[in-house]
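Trainee: I should like to understand how the descriptive terms for this model are justified. May I ask about them one by one?

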Amino acid sequence: MSTTKKIVGAALAAALGVTTLSACGGGDAKDKPAGASDAPKSKTVTLVSHDSFNVTESVLKEFEQQSGYTVKVLKSGDAGAALNQEILTKGSPRGDVFFGVDNTLLSRALDNGIFTPYEAKGLAEVKPEYVLDKEHRVTPIDSGDICVNYDKAYFADKKIAPPQTLDDLTKPEYKNLLVVENAATSSPGLGFMLASVGKYGEEGWKDYWSKLKANGVEVVDGWEQAYNERFSGSAGGKKAKGDRPLVVSYASSPPVEVLYGEPQPAEAPTGVATGTCFRQIEFAGLLKGAKNEEGGKALVDFLISKKFQEDMPLQMFVNPVTKDAALPELFTKHGVVVEKPENVTPETIAKNREQWVKAWTALVVK
């Protein structure tokens, strides 16, 4: 998922290419004789991820000290681009573990056979609704809800109740107020389209988008433009004089507005329409052909440890998936709980994603 902080981090990561998060530990596997069974084990374990991966340095160092491994992170663009590279290098992966494939792309990853099954230590602590692969080729790591956010001040000034459901967005009082991301080019855009599929079914979602188009929905390429330029409720949108008080973003966006507010506000300036959400679940998997399989297993175990799970919310603005992980006060005070997000099974998404996006593009963009 994208946030103000993550976009800054992604830009730095893209410039550097490979980020080594710690320098302690031994040499890399490439220094060992090929095929030598008595060669020392590699002390470097490589995590391949999208650009949004982040972890507190002290949390990572604790894992490295306890495990004896040095973690190297290879950031590879957005989730789709990163996955494509792993599919192209299947059997000779660039790292040991891949993090960041979500439920919209999961079937594609599994069908291409890029992961080695591994039942992670601590998997019993993961909430069962997140365990989508019973063969344990991937392990759930985090979840996040794509939802419509609204500008509280706009609706208070206009004395209009903000929308709460997908149906609400088609009503006349919300005409020309919503900006969404392109489903063909944006992860939140695709997620919001899938929310409509989950709500209205394969027969009704296109009719819903026809109504949204008639009600003046605006489509832009990506989240950055939608949230930080066109949305009137965000700090960036205010500076850019955005005039759309409704935007597709994340349920975690209001806490982010508080965290980075200058000065920090007592209350989030934005709210979440909880009846508009689609739940993303991100996974990690041990890559088939990994040079350091044992280190990869230890790293996957770490990703579902309580230490990492409780670190994630303020590093990547996502929710933990384990039962014992507590959310930080910023989330509990300024965030929302989405009780009933829309869902579409990974198998259904894999079967229909391309034709759905083409149909959406023809209907809404062209």
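Trainee: Where is Ala214 placed?

Mentor: Ala214 belongs to helix α6, residues 187–214. Helices are DSSP runs of H or I with at least four residues, strands are runs of E with at least two, and both are numbered from the N terminus. The model is predicted, so local features need pLDDT of at least 70 and side-chain atom pairs count only at pLDDT 80 or more, while totals for chains, interfaces and linings use all residues. Residues are numbered from 1 along each chain as its sequence is written, and side-chain values use heavy atoms, leaving out hydrogens and water.

Trainee: Why is Ala214 called exposed?

Mentor: Exposed means over 50% relative accessible area, buried under 20%, and partly exposed in between, using a 1.4 Å probe and protein chains only. Ala214 has a relative accessible area of 54%, and is therefore exposed.

Trainee: What makes Phe53 and Phe308 a stacked aromatic pair?

Mentor: A search of the whole structure finds 14 aromatic pairs. For Phe53 and Phe308, the ring centres are 6.1 Å apart and the planes differ by 15°. Rings of Phe, Tyr and Trp (its six-membered ring) pair if their centres lie within 6.5 Å; planes under 30 degrees apart count as stacked, over 60 as edge-to-face and the rest as tilted. Both values meet these limits, so the pair is stacked. The pair links distant parts of the chain, 255 residues apart: Phe53 is in the loop between β2 (44–49) and α2 (57–67), and Phe308 is in helix α11 (residues 306–316).

Trainee: Why do Phe53 and Phe308 count as buried?

Mentor: Phe53 has 4% relative accessibility and is therefore buried; Phe308, with a relative accessible area of 1%, is buried as well.

Trainee: How do you know that Phe63 and Phe302 are stacked?

Mentor: Their ring centres lie 4.6 Å apart with 20° between the planes, so the pair meets the criteria for stacking. Phe63 in helix α2 and Phe302 in helix α10 (residues 293–303) are 239 residues apart. Phe63 and Phe302 are buried. Ring pairs join Phe53, Phe63, Phe99, Phe302 and Phe308 into a cluster.

Trainee: Why is α6 called roughly parallel to α13?

Mentor: Helix α6 packs with helix α13 (residues 346–365) at an angle of about 25°, and their axes are 11 Å apart. Angles under 35 degrees count as roughly parallel, over 145 as roughly antiparallel, 65 to 115 as roughly perpendicular and the rest as oblique. Helix α6 is therefore roughly parallel to α13.

Key
Axes fitted to C-alpha atoms, helices over the stretch in contact; angles between N-to-C directions.
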